[in-house]
Amino acid sequence: MCSRRHGGGRVRSTTPAEDRYIVLSAKRNRRPTAQQMANQFLAASGKQIFRKTVARRLRGGGLYACRPVVCVPLTRQHRTARLQWCREHHNWTEQDCACVLFSDKSRFSLSSDCRRQLI
């Protein structure tokens, strides 16, 4: 007969209450990085934790890192070309527009679920 011993593995550096504090402080202020939050936690509790620990606790709380979308800024040439195209085609009818295929891919939600389809 054998049984598994409980308590094996590394001791956690933060308690569940401290995990909730990290997640709550991140929800209150979304701007600081994980390193800045680790420094704030050190100032608040006097306990040193690593940046990766903060990132893991935030992931456990359902918060993930987001990167801002990078878009190409329109130059003056782009704007003048678009304006010229609009002035040339401002009197088009629906039939004229039906013959044009625009090649940019956009995301549209075709149903109420979260699945998206590129069109």
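This passage walks through the fold, the salt bridges and the surface patches of the structure shown above.

The model is a predicted one. In overall layout, the protein chain has five helices and two strands, and reading along the sequence gives the pattern α-α-α-α-α-β-β. The chain counts 119 residues, of which 13% are buried. Its exposed area comes to about 11400 Å², with carbon and sulfur atoms supplying 54% of that surface. As for how the chain meets itself, contacts with a separation of 6 or more were considered, and residues 24 or more positions apart account for 37% of them.

A good place to begin a closer look is the set of charged pairs. Side chains of opposite charge can pair when their charged atoms come close. In this model the count comes to three salt bridges, and Arg12, Asp19 and Arg57 are linked in a network of such bridges. Asp19 is found in helix H1. Its side chain meets that of Arg12 in a salt bridge, with an N to O distance of 2.4 Å. Asp19 also forms a salt bridge with Arg57, where the closest N and O atoms are 3.0 Å apart. This second pair links distant parts of the chain, since Arg57 belongs to helix H3 and Asp19 to helix H1, 38 residues apart.

How accessible are these partners? Asp19 has a relative accessibility of 13% and therefore counts as buried, the cut-off being under 20%. Arg57 counts as buried too, at 14% relative accessibility. The surroundings of Asp19 fit into this picture: leaving aside neighbours within four places in sequence, Asp19 is in contact with Arg12, Thr14 and Arg57. Two of these names, Arg12 and Arg57, thus return from the salt-bridge network described above.

The remaining bridge to describe joins Lys47 and Glu18, whose side chains meet at 3.1 Å, N to O. Here again the pair links distant parts of the chain: Lys47 sits in the loop between helix H2 (34–45) and H3, Glu18 sits in helix H1 (residues 16–28), and 29 residues separate the two. The two partners fall into separate accessibility classes. Glu18 counts as buried, at 16% relative accessibility, whereas Lys47 is partly exposed, with a relative accessible area of 29%. For Lys47 the class follows because 29% lies between the limits of 20% and 50%.

Attention now turns to the surface, where a patch of positive charge and a nonpolar patch were identified. The positive patch is formed by Arg10, Arg51, Lys52, Arg56 and Arg59. One of its members, Arg51, lies in helix H3, which spans residues 51–60. With a relative accessible area of 43%, Arg51 is partly exposed. Arg51 can belong to a patch in terms of accessibility because its 43% is over the 30% that patch residues need. Helix H3 thus holds Arg51 of the positive patch as well as Arg57 of the salt-bridge network.

The nonpolar patch covers about 390 Å² and is made by Trp85, Trp92, Val100 and Phe102. Among them, Phe102 is found in the loop that runs between helix H5 (94–98) and strand E1 (107–108). Phe102 has a relative accessibility of 56% and so counts as exposed, a class that calls for over 50%.

Methods
Residues are numbered from 1 along each chain as its sequence is written. This is a predicted model: local features need pLDDT of at least 70, side-chain atom pairs count only at pLDDT 80 or more; totals for chains, interfaces and linings use all residues. Side-chain values use heavy atoms; hydrogens and water are left out. Patches are made of residues with over 30% relative accessible area and no salt bridge: like charges are joined within 9 Å, nonpolar side chains (Val, Leu, Ile, Met, Phe, Trp, Tyr) within 5 Å. Accessible areas come from the Shrake-Rupley method with a 1.4 Å probe; for residues, only the protein chains shown count as cover. A salt bridge is a side-chain nitrogen of Lys or Arg within 4 Å of a carboxyl oxygen of Asp or Glu. Lys and Arg count as positive and Asp and Glu as negative; His and the chain ends are not counted. The place of a charge is taken as NZ of Lys, CZ of Arg, CG of Asp or CD of Glu. Helices (H or I, at least four residues) and strands (E, at least two) are DSSP runs, numbered from the N terminus. Buried means under 20% relative accessible area, exposed over 50%, partly exposed in between (1.4 Å probe, protein chains only). Contact means heavy atoms within 4.5 Å.
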